[in-house]
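The following exercises concern strand order, helix packing and cysteine pairing. Please examine the entry below before attempting them.

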Amino acid sequence: MLVEGACVAGPMQAGVDASARSAQADTASGPCPMQNGVSSEVSGAEFYEHSFPKFFGAVMAANDESSALQAIKYKRGSLQLLDQRLLPFRTEYLDVPDVKAAWTQIRDMVVRGAPAIGCTGALAMAVELHALKGAGAAFGSAQEALEFINQTLDFLVTSRPTAVNLADACNRLKAVAATAAAADGASAVGVCGAVIEAAEAYLAEDIASNKAMGAFGSAALLAAVKAAGRGTAGGRVRVLTHCNTGSLATAGYGTALGVIRALSEQGKLEHAFCTETRPYNQGARLTAFELAHDQLPATLICDSAAAALMAAGQVDAVVVGADRVVANGDTANKIGTNALAIACGHFGIPFFIAAPTTTIDPDLPSGDHIVIEQRCHTEVTHHKGERVAAHGVGVWNPSFDVAPGSLIEGIITEKGMVPKKDGAYQIRSFMHNLGLWKPPTGQSLDAAEQATLAAPHGFRALDCDSVRHYVAARPPLQQRVGPPASVDSWTVREVGDGNINFVFIVEGPAGALCIKQALPYVRCVGESWPLTQDRVRIETEALAEEAAVCPEHVPAVYLYDKAMCLIAMRYLAPPFIILRRGLVAGATYPRLAGHLAAFLASSLFHTSAIKLNTTAFRQKQAQFANDEMCRLTEQVIFTEPYIKADNNHWTSPQLDADVAALQSDVAAKVAVSRLKAAFVGQPQALLHGDLHTGSIMVTAEETAVIDPEFAFYGPIAFDVAKILANLLLCYFSLDGHEAAAGAGSRQAQREWLLATLRDTWTGFVAAFTRLWDAHGGAGDLYPAALAGPAGGPVLAALQADFFAQLWGETVAFMGAFVIRRLVGIAHVADMDSIADADTRAACERRALHFGRRMLVEAAAGFTSIEALAEAAVAARSA
C-alpha cells in the first residue's frame with residue numbers, strides 16, 4: 001500500500017510477479033529504499049503499525065474488529081457518525097441529535113457512501129422522533145405526526161441529490177408513516193413507533209444485503225475473470241476498486257469492497273488495488289485504511305495510474321460501488337468511474353458494479369437523467385486549508401460521473417446479478433419480479449422495458465431544476481453563471497412562448513445565460529405532432545451565418561449540444577425586451593428600422609447567389625435543408641387558413657362569416673398557392689424563416705434577432721414580408737388597445753409604426769444595393785461580365801427588375817402572414833391581448849380584409865411602400 005510518508009511496491013518488481021518474490025518489508029517511516037528502481041514492499045498493516053502504533057494497536061486490540069470501522073453507531077434515541085474527514089489518523093464520532101444535524105453532516109461528508117447516507121437519514125429521523133418528539137407524544141394527532149415526518153424527510157433528501165439510497169430510505173419511511181396513519185385508531189405514537197422500527201430495520205437490512213452481495217459478486221467476478229483468460233495459475237485474482245465502498249460507506253462489510261472481502265475469505269484474492277480518488281481522497285484515506293485493517297494484500301495508486309496498471313497486465317477485474325443505477329444499466333458513481341469503465345473496455349477487463357437494490361432507480365431511463373452534484377472548488381484548489389492552485393483559474397468539480405451500461409460486465413445486488421437480454425440490462429423486469437417496482441399505469445412491463453431500449457441516448461427534456469445542474473456540469477457555461485458552490489442559489493425561469501420550444505434563463509452571481517431546448521414535437525400541440533430536433537442544428541448554424549455578416553444584431557452562441565437538442569447563448573438581459581411585448585405596451589424604438597434593414601440586407605445578400613458561386617450556394621442549400629420545419633410552414637401558412645382545419649381558430653362568432661368567405665375565396669386560394677410554389681421552388685438566400693416581432697429583442701439602442709430554427713433557403717421576400725406584416729398587425733391592433741379603460745392615445749405609436757414600415761423596406765433596398773454594388777460580381781447569378789460595373793446601365797437595370805419583382809412578392813407574402821395570424825393555429829399577442837371580444841374582432845376584421853387585399857392584389861394594388869402605408873391608414877378608418 002502506498003501511503004504519504006512511506007512507499008509500498010506494486011505487485012511487480014523488475015518484471016517479477018509479486019507471487020514469485022520473497023516477502024520483503026521495510027518499516028522505516030522515511031523514504032523507501034529502492035530495489036532495481038522500484039520501492040520495496042511493505043504491507044498496509046505493517047505501515048500503520050509502525051507509523052501509528054497507539055492508534056493501530058487500539059484498533060487491532062478491539063474484541064470486535066468491525067467496531068473500529070463502524071461508520072454509524074446507533075441505539076434507540078442516539079446516533080453517532082464517524083467523522084470520515086479525519087481518517088485515517090483520527091477517529092472521532094459526532095453526535096446527530098436531529099435531522100437538521102444529519103443534513104449538515106451528510107452535506108459536509110462526515111458520512112459518505114450511498115448506503116451509509118441512506119441509513120444515516122433513516123436513523124436521524126428515528127432519533128428525532130424518539131428523543132425530541134417523545135416517540136410521538138409531542139404531536140396532537142396521527143395526521144400531525146405524518147405531516148411533520150413527510151416535511152422533514154423531504155428536507156433531508158436535499159442534502160445530496162445524486163445518491164438514490166437517501167431518497168429510497170426517506171420514501172420507505174414516508175410509506176410506513178402513511179400506512180400507520182391510515183390505520184383504524186391511528187395515533188401519533190403509533191405512527192412514530194412504526195417509523196422508528198422501520199429505520200432500525202433499514203440498518204439491519206443493509207448489513208445483510210452487503211454479505212449477500214459479497215457472495216454473489218465474488219462468484220460472478222471469478223467466472224468473468226476465468227472466461228476472459230485472466231487471473232493467476234491458482235485461480236486467484238487481482239482486483240481494482242475505486243472510492244470507498246466498505247464498512248465506512250455502508251452499515252457494515254461493504255458493497256464493492258465486500259466483494260473483495262468475500263474473495264479474500266475464499267482464498268481467491270491475489271491482490272487488491274485502490275485508487276486515491278481525488279479530490280476528496282476517499283480511497284487513500286478510507287479504502288486503504290480498511291484494507292490495511294483487514295491485512296489484505298493491497299496497493300494504493302493514483303487515479304491516473306489505473307490505465308497504466310491495466311496495460312502492465314496487473315488487473316484482472318474492476319469492481320466499484322454505485323450511487324444510482326438506472327433502467328438501462330447506466331451507473332453514477334464517484335468521479336473517475338467512467339474513465340475506469342472505458343479503460344476496462346479497451347483492455348478487455350471485466351468491469352462490475354456492486355449495488356444494493358435500494359441504489360437502483362428503474363424510473364430513470366438512462367444516465368443522462370441523473371443529476372450530478374457539484375462540489376466546492378476548494379476541494380481541488382486547496383490542501384489542508386492551504387491553496388495549491390493558482391489564483392484566477394476556474395474549477396469544475398463534479399462529485400460523480402456516469403459509466404454507460406454497455407461497458408459494465410455485471411451489476412451485483414443482494415438479490416443476485418441483474419439479468420441481461422441481447423446484451424441489454426433488464427433492470428425494470430428484475431426489480432418488478434422482486435416486487436420493488438411497477439410500470440406506469442396503463443403500460444405493460446414489456447413496453448416499459450422496450451421504452452428504455454428505445455429512448456434516444458443523450459436526450460432528456462429539461463425543467464427549471466434540471467437545467468441548473470446541466471449548466472453546472474459544463475465549465476464553459478457554469479463560469480458564466482457562478483461558482484459550483486452557488487448552484488443552489490441560481491434562479492431559473494422558463495420564458496418560452498409555449499408554441500414549440502422550451503427557453504430557460506439561468507441567473508447566478510457571475511451572470512446569466514439563455515438555454516433553448518427543442519422537444520421532438522410541437523409543444524403547443526403535443527406528441528401527436530412530431531417535429532424534427534435537427535432544427536436545433538439548423539438554428540445554431542444559421543446564427544453562425546448571421547453573426548459572420550451582422551454580429552451586432554445576433555446573440556453569441558456558447559454551446560450547441562447535439563444530443564440534448566440544445567443551444568446555450570447570450571442572455572439578452574433587461575432592458576432588452578421581446579419587440580412584440582414592447583409594442584403591445586405602447587413603446588416605440590427609433591433605431592429599429594435601421595437595424596432591421598441592416599440585418600435583412602446582410603443576412604440575405606451574403607447567402608445569395610448574387611454573392612456566392614453556385615457550387616457554394618448549392619452546398620448551403622443542402623446544409624440548411626430544413627424539411628420538417630418547411631412542411632410545417634407550408635401547412636400552417638399556405639394551406640390550413642384557407643380550409644376547414646382543426647388547428648384553425650379565430651374570434652368566434654364575430655368573425656365566422658369573414659372566415660367562411662375567405663375559405664370560399666377562389667382568388668385568395670390561387671394567390672396563396674402561387675406563394676406556396678415560390679416558397680417551395682425559389683431558393684434565393686438563407687432565410688431566418690420566422691422573422692416576426694416575437695423573434696426580435698430590443699432596447700432603445702440595440703436590436704437582436706433570435707430563434708432562426710425555421711431557417712432554410714427560400715425566397716428573399718418571405719423574410720422581408722414577415723417582419724413588415726407583423727408591424728402591420730400591431731398597427732391594426734392599436735384601436736383595440738386605445739379602447740381599453742384608462743388607455744391613452746396610441747396615435748404617436750401608430751405614426752411610428754407606419755414610418756418604421758416604410759423605413760425598413762427602403763433601408764433594406766438601399767443596404768442590399770450597396771452590398772450588391774460592392775460584392776455582386778463575385779457571385780454566379782449576375783457575374784461581372786454580364787452585369788457590368790456598379791453604376792452602369794446593365795447592373796442598374798438588373799437591380800431595378802430584381803427589386804420590382806421582390807416588392808410584388810413581398811406584398812403578397814405580407815397578406816398571407818396577416819391572414820394566418822388571425823385565422824390559423826398561432827396568433828399574436830397584439831390582437832389576443834385586447835380583452836373585449838367585439839373590439840378585438842373589429843380590429844381583426846380590418847386587418848383580415850387588408851391582408852386578403854395584399855395577398856390577391858400584390859404589386860398591382862400597392863405600387864410602393866408609401867402607397868401600402870396610405871392604404872393601411874384608409875383601411876383602418878373604413
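Two exercises with worked solutions follow, based on a predicted model.

**Exercise 1.** Determine the strand order of the open sheet of seven strands, and state which strands stand at its edges.

*Solution.*
Step 1. The order across the open sheet is β10-β9-β8-β11-β14-β19-β20, and the pairing is mixed.
Step 2. β10 (298–301) and β20 (416–417) each have a single partner strand, so one side of each lacks a neighbour in the sheet and these two strands form the edges.
Step 3. Within the sheet, β11 (residues 317–320) pairs with β14 (residues 351–354) in the parallel sense, over three bridges. Valine 320 is placed opposite isoleucine 353 of β14.
Step 4. Helix α8 (residues 256–265) packs on the sheet and touches β8 (237–241), β9 (269–275), β11, β14 and β19 (410–413). The direction of α8 makes about 160 degrees with that of β8.
Step 5. Helix α11 (residues 337–347) also packs on the sheet, in contact with β8, β11 and β14, and its direction makes about 145 degrees with that of β14.

**Exercise 2.** Establish how many disulfides the structure holds, and characterise cysteine 170 and cysteine 464.

*Solution.*
Step 1. The count of disulfides is zero.
Step 2. For cysteine 170, the nearest cysteine sulfur belongs to cysteine 119 and lies 12 Å away, whereas a disulfide requires sulfur atoms within 2.5 Å. Cysteine 170 has a relative accessible area of 2% and is therefore buried.
Step 3. For cysteine 464, the nearest cysteine sulfur is that of cysteine 514, 12 Å away, and cysteine 464 is in no disulfide. Its relative accessibility of 31% classes cysteine 464 as partly exposed.

Technical notes:
Residues numbered from 1 in each chain as written. Predicted model: local features only at pLDDT ≥ 70, side-chain atom pairs only at ≥ 80, totals over all residues. Heavy atoms only, no water. Pairing = 2+ DSSP bridges. Helix = DSSP H or I, 4+ residues; strand = E, 2+ residues; numbered from the N terminus. Contact = heavy atoms within 4.5 Å. Axes fitted to C-alpha atoms, helices over the stretch in contact; angles between N-to-C directions. Buried < 20%, exposed > 50% of the residue type's maximum accessible area, 1.4 Å probe, protein only.
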